[in-house]
Amino acid sequence: MSDTQQRKIALVTGAGSGIGRACAQKLLASGFAVVLAGRRAAPLEALEGEARARGEEALAAPCDVTDAAAVEALFETIRTRYGRLDLLFNNAGRNAPAVDIDELSVDDWRAVVDTNLTGVFLCTRASFGLMKRQTPRGGRIINNGSISAHAPRPFSAAYTATKHAITGLTKTVSLDGRRYDIACGQIDIGNAATEMAERMARGVPQANGEIAVEPLMDVELVADALLHMAQLPLEANVQFMTIMATKMPFVGRG
Ligand SMILES: NC(=O)c1ccc[n+]([C@@H]2O[C@H](COP(=O)([O-])OP(=O)(O)OC[C@H]3O[C@@H](n4cnc5c(N)ncnc54)[C@H](OP(=O)(O)O)[C@@H]3O)[C@@H](O)[C@H]2O)c1
């Protein structure tokens, strides 16, 4: 596709690594123009270069999603360059040290809330405004939740609280978006093999106090699931999808 006007425009946050990178590559290969956001410029620029070499439309746009002014500047870039946004994948996220809540520093708590919740709010807020005013109107927002949006791991107060909060945001945006043709859904992932999930392969604390190695799944499977959600016409929405390593502890009380 040579004409960028023909392409659907997507923004992926946390696009430089892991799930964000795999999903951005999948969207690019499927014909989306993809704006690649994250704090580190180098991996985003590398991804843009690889995509352009394949004839795909990618734009590295370094941005810290916790910074309201930086998010506003990112959306100004999107408006100027593409004039619209069809898909936002709120993927950027982080964790905090695995400690009892009394040992969790206020700075670590705030860093997780700023990234996993306020960052999603800032990008959603800007996308919602753009999608509701653009012609043709509407678009899709997909939030990256987690198995932790349903059940905590030991020592995960900040991460679990923010991922539960994302479920509330997904439902609210899904409801308020109806009148503007904005669909909002959530993908809840369990143990995709990325840097963030590396510790699962080494062994992580379980509810009974044991340390156990957990199974991981290929991150490509997450990208396939995300693409299915992203490619639906706006009349249909995957409200929630849980995709997880089949044998990881979640169902069956363990
Ligand atoms: N892997 C799993 O099994 C799993 C399971 C459930 C949920 N998730 C969720 O999936 C998402 C991606 O995780 P991942 O496993 O792919 O880990 P990852 O490779 O560590 O990806 C996190 C990405 O977020 C970006 N990021 C962090 N803080 C940011 C900020 N303030 N502004 C902009 N970008 C920021 C990072 O890039 P920079 O450092 O360059 O900013 C990085 O590219 C997270 O929301 C995570 O909670 C993952």
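This passage walks through the sheet, the helices around it and a few loop residues of the model.

The structure is a predicted model, so some thresholds apply: local features need pLDDT of at least 70, side-chain atom pairs count only at pLDDT 80 or more, and totals for chains, interfaces and linings use all residues. Residues are numbered from 1 along each chain as its sequence is written.

The sheet is a good place to start. It is open and has seven strands in the order S3-S2-S1-S4-S5-S6-S9, with parallel pairing. At the edges sit strand S3 (58–60) and strand S9 (240–244), each pairing on one side only. On average, and ignoring direction, neighbouring strands of this sheet are turned by 15 degrees against each other. Helices and strands here are DSSP runs numbered from the N terminus (helices are H or I, at least four residues; strands are E, at least two). Two strands pair if DSSP finds at least two bridges between them. For angles, axes are lines fitted to C-alpha atoms, for helices over the stretch in contact, and the values run from 0 to 180 degrees between N-to-C directions.

Strand S4 (residues 87–90) makes pairs with S1 and S5. Three bridges join S4 to S1, and the two run parallel; here Leu11 stands opposite Leu88 in S4. With strand S5 (residues 139–144), S4 shares four bridges, again running parallel. Leu87 stands opposite Arg140 in S5, and Phe89 has Ile142 as its bridge partner in S5. To get from S4 to S5 the chain passes through helix H4 (residues 106–133), and this β-α-β crossover is right-handed. Right-handed means that, with the strands pointing away from the viewer, the path from the first strand over the helix to the second runs clockwise.

The next step along the sheet uses a similar vocabulary. S5 pairs with S6 in the parallel sense over six bridges, and Gly139 has Ile182 as its bridge partner in S6. S5, helix H5 (residues 157–177) and S6 make a right-handed β-α-β unit.

How do these strands sit with respect to burial? A residue is called buried if 20 or more other C-beta atoms lie within 10 Å of its own, exposed if 12 or fewer, and partly exposed in between, with C-beta atoms placed from the backbone. In a regular strand the side chains alternate between the two faces of the sheet. S4 is covered on both faces: Leu87 and Phe89 on one side, and Leu88 and Asn90 on the other, are all buried. In S5, six of its six residues are buried, with Gly139, Ile141 and Asn143 on one side and Arg140, Ile142 and Asn144 on the other.

Now for the helices. Helix H1 (residues 18–29) lies across strand S1 (9–13), strand S2 (33–37), S3, S4, S5 and strand S6 (182–190), and runs at about 170 degrees to S1. Helix H3 (residues 68–82) packs against H4 at an angle of about 35 degrees, with the axes 10 Å apart. Their crossing is right-handed, a label used if the near helix is turned clockwise from the far one by less than a right angle, whereas anticlockwise gives left-handed. Ala68, Val71, Glu72, Phe75 and Arg79 of H3 make the contact with Leu122, Cys123, Ala126 and Leu130 of H4. Contact means that the C-beta atoms of two residues, placed from the backbone, lie within 7 Å. Sorted by type, the residues in this contact come to seven nonpolar, no polar and two charged. In that count Ala, Val, Leu, Ile, Met, Phe, Trp, Tyr, Cys and Pro are nonpolar, Asp, Glu, Lys and Arg are charged, and the others, Gly among them, are polar.

A few loop residues round off the picture. Most residues other than glycine have a negative phi, and most peptide bonds are trans. In the loop between H4 and S5 sits Pro136, and the peptide bond from Thr135 to Pro136 is cis, with omega near -5 degrees. Asp181, in the loop between H5 and S6, has a positive phi of about 60 degrees although it is not a glycine. Asp181 counts as partly exposed because 15 other C-beta atoms lie within 10 Å. Asn191, in the loop between S6 and H6, also has a positive phi, near 60 degrees. Asn191 counts as buried because it has 22 other C-beta atoms within 10 Å.
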